[in-house]
Amino acid sequence: LQDIREAVETALKEGKTLAWFTKELTPVLQAKGWWGKQEVTDEATGEISQVQLGSPYRLKTIYRTNIQTAYMAGRFQSQLENADDRPYWKYVAILDSRTRPTHRALNGKVFRYDDPFWGSFYPPNGWGCRCRVTALSEGDIGRGVKVESSAGKLGSTLKLVSEKSGEMREVATYTTQHPDDRTGKRQIVVS
């Protein structure tokens, strides 16, 4: 894990690419036995199964997740520092065939920067999230942008985080109109 962490930190500091990240880490993980398929014994059941320890796909996921999280943390801090001039934040999703319905449902929603919504739903929201937040001024709001409140729409639920262990965790929820329902009758719960 230390090798991965150091590679992520270097990529962030020096603006290294995914290709560099993969080229650097693959031989290190191979040398340490953290690459390819291996047999693993489940301690509880004694069952033997094949697991994939390392792959280019896994390194891509690690790289993108860490770079996106660091980038959005920096944006969050910058937007907080500028909240006096731009106190409204707009959720922006990439709208394509890979966008989850829950992220599409949040696209275009505008809340004040201090609305409790942002405590749980500032991107990234889950693996592969490509969403972002745009800060808006009073002048932007004057152009017909609707500012919402999360009051009465936030909640929590238990979510399965590991099928293998059955582990459940409490996660925040937000209830809003389903993005595919123009009638406004169908709701979607974002978590």
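**Figure 1. Packing of helices H2 and H3 in the predicted model.** Helix H2 passes helix H3 in a right-handed crossing, as seen in this predicted model. The two helices pack at an angle of about 125 degrees, and their axes are 10 Å apart. Angles from 115 to 145 degrees fall in the oblique class, and H2 and H3 are therefore oblique to each other. On the H2 side, the contact is made by Leu18, Phe21, Thr22, Leu25, Thr26 and Leu29. Helix H3 contributes Leu59, Lys60, Ile62 and Tyr63 to this contact.

**Figure 2. The pair formed by helices H1 and H2.** Helix H1 spans residues 2-14 and helix H2 spans residues 18-31. Their axes come within 10 Å and cross at roughly 165 degrees. An angle over 145 degrees counts as roughly antiparallel, and this description therefore applies to H1 and H2. The crossing of H1 past H2 is right-handed. Asp3, Ile4, Ala7, Val8, Thr10 and Ala11 of H1 make the contact with Trp20, Phe21, Leu25, Val28 and Leu29 of H2. Phe21, Leu25 and Leu29 of H2 take part in this contact and also appear in the contact of H2 with H3.

**Figure 3. The open sheet E4-E3-E5 and the helix packed on it.** Three strands form an open sheet in the order E4-E3-E5, with antiparallel pairing. Strands E4 (110-112) and E5 (132-136) are the edge strands, each pairing on one side only. On average, neighbouring strands of this sheet are turned by 30 degrees against each other, direction ignored. Helix H3 (residues 56-81) packs on the sheet and touches E3 and E5. The direction of H3 makes about 15 degrees with that of E5.

**Figure 4. Strand E3 and its two partners.** Strand E3 (residues 88-92) is joined to E4 by 3 bridges, and these two strands run antiparallel. Within this pairing, Lys90 stands opposite Val110 in E4, while the bridge partner of Tyr88 in E4 is Arg112. Strands E3 and E5 pair in the antiparallel sense over 5 bridges. In that pairing, Tyr91 stands opposite Val133 in E5. Strand E3 is mostly covered, as 4 of its 5 residues are buried.

**Figure 5. Surroundings of Gln79.** Gln79 is found in helix H3. Residues under 20% relative accessible area are classed as buried; Gln79, at 7% relative accessibility, therefore counts as buried. A polar atom of the Gln79 side chain lies 2.9 Å from the backbone oxygen of Val133. Leaving aside residues up to four places away in sequence, Gln79 touches Trp89, Tyr122, Val133, Thr134 and Ala135. Val133 thus figures in the contacts of Gln79 and stands opposite Tyr91 in the pairing of strands.

**Figure 6. Antiparallel pairing of strands E6, E7 and E8.** Strand E6 (residues 154-160) and strand E7 (residues 168-177) pair in the antiparallel sense over 7 bridges. Lys159 stands opposite Arg169 in E7. Strand E7 is also joined to strand E8 (residues 187-190), by 4 bridges, and these strands run antiparallel. Thr176 has Ile188 as its bridge partner in E8.

Terms used:
Residues numbered from 1 in each chain as written. Predicted model: local features only at pLDDT ≥ 70, side-chain atom pairs only at ≥ 80, totals over all residues. Heavy atoms only, no water. Pairing = 2+ DSSP bridges. Axes fitted to C-alpha atoms, helices over the stretch in contact; angles between N-to-C directions. Contact = heavy atoms within 4.5 Å. Buried < 20%, exposed > 50% of the residue type's maximum accessible area, 1.4 Å probe, protein only. Polar contact = N/O pair within 3.5 Å; in protein donor to acceptor, adjacent residues only side chain to side chain. Parallel < 35°, antiparallel > 145°, perpendicular 65-115°, else oblique. Left-handed = near helix turned anticlockwise from the far one by under 90°.
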